[in-house]
Amino acid sequence: MELSAYLPILVFFALGLAVGGAILTLSKIVRPKHTLVKDLPYESGILGGTPARQRFSIDFYLTAMLFIVFDIELAFLYPVALTLRDDGLLGLVVLIVFVFTIVEALVYIWKKKALEWR
Amino acid sequence: MTHLNVVAATPQIIVAAAGVLAMSMGLFNRYEIRRYGPSAISLAGIVAAFVMIVLLWGDREEAFGGGIRSDRFSLLLSAIFLVSAALVIGLAWRESAAVDRRGEFAGLVMVAVAGMMLVASAGDLIVLFLGIETLSVALYVLCALEVWRERSLESGLKYLITGAVGSSILLYGFALLFGATGTVDLAEIGEQLGGTSFAGEPLVIAAMALIVVGLGFKASAVPFHMWTPDVYEGAPTSITAFMSTATKAAALAAFLRIFQGVLPDLAGDWRVAIAVLAVASIVVGNVAALAQDSLKRMLAYSSIAHAGYLLIGVAAGSVQGAEAVIYYLIVYLAMTMTAFAVVIIREREVENGEMLEAFAGYARARPVLGVAATLAMLSLAGFPPLAGFIGKFLLFSAAVEANMTWLAIVGALGSVVSLGYYLRILGVMWLGTPADGERPARLLAVPAPVMMATGTAAIAIIGLALFADPMIDISRGAAEALLAP
Amino acid sequence: MLSVLPWIVLALPLVACIVLMLWPTEPDRRITRVIAVGSVAAAFALVIAIFVDLLGRDAEERTEVTTLWEWAAVGDLEINLALQVDQLSTFMMLIITGVGSLIIFYSMEYMEEDRDYRRYFAEMTFFVFSMLLLVLAANYLFLIVGWAFVGLASYLLIGYYYDRPSAVAASKKAFVVNVIGDVGMVLAAFLLIRDLGTLEYTEVFATAEGGLGDGSTSAEAVGFLLFVGAAAKSAQIPLHTWLPDAMEGPTPVSALIHAATMVTAGVYMVARSNALYELAPYAAGTIAVVGAITLFMAATIATVQDDIKRVLAWSTVSQIGYMMVAAGLGLYGAAMFHMMTHAFFKACLFLSAGIVIHAMLGEQSLDRMGNLRGRLRAAFVGMLVGALAISGIPPFSGFFSKDEILAYALAQGTLGVIVGIVGILGAGLTAFYMFRLVFRAFYGPDPDGGYNPEPHVTTWVMAAPVLILAFLATFAGWIQVPQGWKLVDDWLDPVVGTPDLKPSLGLEAATSLVSVALCVVAIGVAWWLFGHGSERRLAHAKTLARYREVLHQGYYFDWAFEKFLIEPGRQVGAFLRDFMEPAAIQGSIRSTVVATLETARGLSFLQAGLVRLYVFTMIAGLAIVGVIFILVGT
């Protein structure tokens with residue numbers, strides 16, 4: 001086949017490079033300049049005491065992660081609720097399986113003491 | 001909803017349910033349930049799924065409106081995954097990761113198997129990708145299961161990062177394929193691309209390239225193999241065994257499903273790229289394995305080389321090729337499991353049990369294990385008339401018949417080189433002298449489940465050679481099912 | 001009867017091997033002996049029964065194929081576990097089981113002082129089984145299986161003394177070289193499958209002319225690839241380097257495997273594939289040329305060896321060269337005849353050498369020998385007869401078989417004349433190096449420092465096989481006499497055919513005269529140089545030092561392989577390990593030494609870098625794959 005058929009790909013690559021490059025250069029020009037004072041955290045006029053980059057307990061991340069997982073999974077329930085009437089028995093069964101899986105996961109992390117603050 | 005036909009998907013459902021159940025078993029306070037429950041449930045699930053596979057054996061049936069296909073191909077591949085999982089659960093009986101976290105271990109293995117079965121039986125691109133992600137995520141965790149061991153964590157992390165890249169490339173390929181054809185259904189894609197109108201379409205070409213790369217990553221083909229030695233070495237050994245057998249089988253299943261099953265008419269376009277990957281894998285895998293002192297790393301490179309051999313069958317682009325790949329996957333399962341079993345047994349006995357020097361004189365002290373290891377190594381090297389030889393013979397002759405004699409030659413030369421390191425292992429095991437004294441240090445009794453798994457795998461190496469004919473027949477049935485309307 | 005007997009012949013040594021291996025403890029040595037010797041001797045008896053049965057049939061009805069079970073069917077290709085009894089395989093079986101039982105009998109005494117008595121005999125019977133499978137197989141696949149099995153047996157037996165690093169290295173070398181040959185054969189099998197769709201001998205030979213085409217590229221390719229296998233197994237240049245090293249095995253092993261039977265399998269295979277080589281004149285010509293080069297180079301190298309077994313090893317390489325010359329020129333009968341006489345006299349020589357080595361507690365250097373003829377009579381008789389036979393002095397057997405090859409070669413056109421002349425020169429060298437060995441070991445004064453302890457005399461267990469083989473080496477030649485009767489050729493004729501061009505009486509007479517005269521002169525020179533102690537020898541060795549060095553190095557084949565194949569391979573492997581995989585090194589630095597935070601930070605930096613490298617490689621790979629697709633697409 002003709003090589004010319006690959007022209008769109010070439011154009012696509014070129015475009016991708018151009019856009020990426022443009023964004024980087026622009027932000028370099030436009031972005032605010034940093035100075036030492038500007039970088040200081042603003043604490044209502046009171047000078048900051050401790051460095052901002054301190055370590056958090058790993059439990060923050062764990063809890064946050066678990067929240068996201070369950071939150072997104074439960075978000076699935078909203079669309080299902082709208083069509084539950086049309087889906088009939090099958091839809092209900094599928095939903096029950098889905099909810100069961102989530103509950104199972106909840107029980108699991110509960111038993112694993114992942115929700116307890118240490 | 002008329003095509004629900006849940007029956008055809010029962011093996012997958014059983015395995016997934018068993019996985020969830022097995023994981024919960026690990027939560028019980030009673031030690032016995034925590035210790036034996038997960039394995040028992042998993043094994044029961046495996047047996048039940050196996051029975052369903054036997055019952056379903058036959059022509060194609062579809063479940064969930066075509067999303068899941070149950071044909072001879074998917075059923076046979078599922079059987080491979082199940083056997084692999086059963087052996088791994090047996091082998092890991094006393095492995096530290098598996099003992100302390102038995103629930104997670106067995107549960108995740110089962111979830112991974114469910115993902116693999118989805119890959120093998122996928123009827124559309126979405127299910128295929130779903131399957132690949134299911135198995136990958138389960139494996140990321142499994143690799144890092146020994147959280148107290150730095151190497152294990154590193155292994156899981158590396159696999160996660162590179163795996164994410166691999167998956168995204170694959171997904172990009174699927175997206176382009178969808179873009180080119182406007183459908184995710186594999187059968188419809190096949191129909192659309194069967195004609196000539198789409199064949200030279202850049203979109204399709206790009207899609208194929210991306211898919212080759214994405215799947216090549218999962219099969220650990222060169223140059224997408226870099227993660228393999230590190231991950232294989234760091235992961236718990238039973239998981240390494242599982243990854244190098246079942247995961248590889250799943251990746252090859254995806255290769256066959258897409259290229260042989262959906263795009264056979266475009267073989268002229270994709271076979272060369274796959275052949276190049278095969279050659280690169282054979283060369284790099286075999287040569288790099290020569291310099292390894294850790295058995296796990298050596299087997300990791302050996303598994304890279306075997307990905308190459310297997311890809312030869314895919315590149316042949318014929319029913320014989322697919323048949324050879326399937327048969328070799330079965331054989332490869334038996335011999336690799338045996339090889340890893342020996343490492344697992346030794347690792348429990350001494351520190352650094354995966355290093356070559358830990359095996360000095362080991363076969364003399366443990367002749368039965370020694371014979372099993374010898375069978376596995378010789379078979380891996382393709383020594384006639386063991387099963388590995390028959391498998392390679394089928395693969396290479398498929399290449400010759402597809403007029404790719406050069407591939408067969410590279411493969412054959414590769415297996416000569418591979419003798420260098422397989423013989424080295426055998427030499428050390430039979431002829432080596434242990435560093436301290438006459439007998440190798442610390443021989444412990446081997447737990448019965450480990451012994452049973454090892455024995456089964458070792459006997460299978462002989463059985464697959466003696467009864468090659470029926471196995472090849474079954475493989476051919478599976479290969480033909482790929483193209484069945 | 002012929003459908004059952006070969007299976008029993010095949011099963012006997014296999015059962016013996018299995019019984020010996022599975023015996024729960026190290027069995028009583030008497031039991032081991034009875035099982036090992038009994039099984040092979042019984043197999044020999046049955047082979048004679050087969051032979052007699054075949055004799056009673058018409059020549060056309062002497063081929064019998066029996067199938068045990070259909071092993072694998074791939075598409076139209078069917079591969080059966082089947083045995084083919086015919087004149088050629090019976091001929092081979094007679095040699096294998098006959099010489100085999102003598103040598104195993106001899107081993108009873110020779111191996112007496114070794115541990116692992118059982119392992120030795122189990123491996124020997126396994127070898128006999130494999131060799132029988134090789135010659136009985138009715139298709140190329142099981143030929144390859146037998147081929148690989150004898151390779152395995154040879155590997156095990158060369159490495160028999162596994163505590164000697166040199167033995168382990170030699171066994172590995174032998175195995176790897178043999179596998180290179182296996183690859184050639186497997187590739188040839190692929191081509192046969194592709195073009196003929198079968199591997200069964202009867203079908204391949206029947207359809208070869210139509211399927212491959214006379215002189216076609218595929219026919220030549222099959223011929224060349226099969227010869228790669230034959231060259232590796234039969235130690236032909238450049239795949240010969242493993243055989244001299246293989247002398248690390250016990251001497252009876254050298255006699256049976258590395259002289260009488262296994263190494264001649266290549267000649268058998270070429271003879272078996274004669275129908276293919278008729279279609280491949282260039283491949284056949286190559287065999288003759290390689291054979292001629294091998295016979296000459298090996299003979300020259302043999303003249304400077306100081307190890308009694310290495311002389312014999314190089315001599316074996318050289319003699320197989322003669323057989324290859326004959327096979328390459330289409331003189332299959334002559335090749336098989338020489339194989340038979342060679343089996344007798346070379347086994348005789350090796351077993352005599354074994355007596356010497358055994359008597360001197362493992363000493364193999366000719367420098368430590370001398371004046372042994374009165375001390376070890378049986379060895380002396382065996383060695384002398386063997387030397388006369390291999391040199392081609394009438395009426396010993398070598399005369400008939402070697403001169404048949406040379407005379408017929410000279411009658412086969414230009415190529416034949418060239419290789420024939422090389423062969424005659426080689427015959428002179430053969431006489432020289434063999435009598436060098438005889439004179440240095442058995443004549444002259446005692447070695448410096450005398451014998452300490454005095455060599456002990458052998459029992460009849462070791463002497464009897466030597467004397468039987470000496471008898472055969474003397475008289476076996478008479479079954480095929482120039483211009484007279486040709487029992488071997490006639491027997492094999494239906495399988496391998498006879499050459500069209502026959503030498504005239506004058507040519508045969510002239511060939512014999514020239515070669516015998518050359519040999520007599522060579523023996524005279526050897527006597528002058530080596531018959532009276534070491535003075536003359538050492539003086540000449542000094543003047544010829546430069547040439548001797550080339551020969552000592554075996555024309556630098558080993559050096560070249562090491563330098564150009566093995567060392568680069570090792571370096572690539574090491575490079576991959578050291579530079580491509582810093583992770584491995586990092587892994588081996590166990591945390592006991594560097595469990596500090598600082599190193600942890602260093603390590604994590606490295607790791608992050610590595611994963612970036614991995615991902616980068618993947619993307620680069622993606623680019624390569626993309627380019628391939630585009631190239632193929634356009």
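Helix axes here are lines fitted to C-alpha atoms over the stretch in contact, and the angle between two of them runs from 0 to 180 degrees between N-to-C directions. The model on screen is predicted.

**Stop 1: two helices of chain B**

Select residues 227-234 of chain B, which form helix α10, and residues 295-316 of chain B, which form helix α13. Their axes lie 9 Å apart and meet at an angle of about 135 degrees. Angles of 35 to 65 or 115 to 145 degrees are left over once the parallel, antiparallel and perpendicular ranges are taken out, and that makes α10(B) oblique to α13(B). The crossing of α10(B) past α13(B) is right-handed.

Now show side chains at the contact. From α10(B), pick B:Thr228, B:Pro229, B:Tyr232 and B:Glu233. From α13(B), pick B:Lys296, B:Arg297, B:Ala300, B:Tyr301 and B:Ile304. Sorted by class, this contact holds 5 nonpolar, 1 polar and 3 charged residues.

**Stop 2: where chain B meets chain C**

Keep α10 of chain B selected and bring chain C into view. Between the two chains, 55 residues of chain B are in contact with 48 residues of chain C. Helix α10 is one of the chain B elements that each supply at least two residues to the side touching chain C. The others are α7 (150-181), α9 (202-218), α12 (267-290), α17 (387-401), α18 (405-431) and α20 (468-483). Colour α18(B) separately: with 10 residues, α18(B) gives the most to this side of chain B. The class count for the side of chain B that touches chain C is 38 nonpolar, 7 polar and 10 charged residues.

**Stop 3: B:Asp124**

Go to the loop between α5 (102-121) and α6 (125-143) of chain B and centre on B:Asp124. Is B:Asp124 buried or exposed? A residue needs 20 or more other C-beta atoms within 10 Å to be called buried; B:Asp124 has 23 such neighbours, so B:Asp124 counts as buried.

Leaving aside residues up to four places away in sequence, B:Asp124 touches B:Gly66, B:Gly67, B:Val184, B:Asp185 and B:Leu186. Select B:Ala187 as well: B:Ala187 is 63 residues from B:Asp124 along the chain, yet their C-alpha atoms are separated by 7.9 Å.

**Stop 4: chain C as a whole**

Hide chain B and zoom out to chain C, which has 26 helices and 2 strands. Its radius of gyration is 27 Å, close to the 26 Å given by the globule rule for 634 residues, so chain C is as compact as a globular protein of that length. Along the principal axes, the C-alpha atoms of chain C fill a box of roughly 85 × 65 × 55 Å. Of the 634 residues of chain C, 57% count as buried. Among contacts in chain C between residues at least 6 apart in sequence, 80% join residues at least 24 apart.

Technical notes:
Residues are numbered from 1 along each chain as its sequence is written. Chains are lettered from A and ligands numbered from 1 in the order in which they are written. This is a predicted model: local features need pLDDT of at least 70, side-chain atom pairs count only at pLDDT 80 or more; totals for chains, interfaces and linings use all residues. Helices (H or I, at least four residues) and strands (E, at least two) are DSSP runs, numbered from the N terminus. A crossing is left-handed if the near helix is turned anticlockwise from the far one by less than a right angle, and right-handed if clockwise. Two residues are in contact if their C-beta atoms, placed from the backbone, lie within 7 Å. Ala, Val, Leu, Ile, Met, Phe, Trp, Tyr, Cys and Pro count as nonpolar, Asp, Glu, Lys and Arg as charged, and the others, Gly among them, as polar. A residue is buried if 20 or more other C-beta atoms lie within 10 Å of its own, exposed if 12 or fewer, and partly exposed in between; C-beta atoms are placed from the backbone. The radius of gyration is taken over C-alpha atoms; the globule rule is 2.2 Å times the number of residues to the power 0.38.
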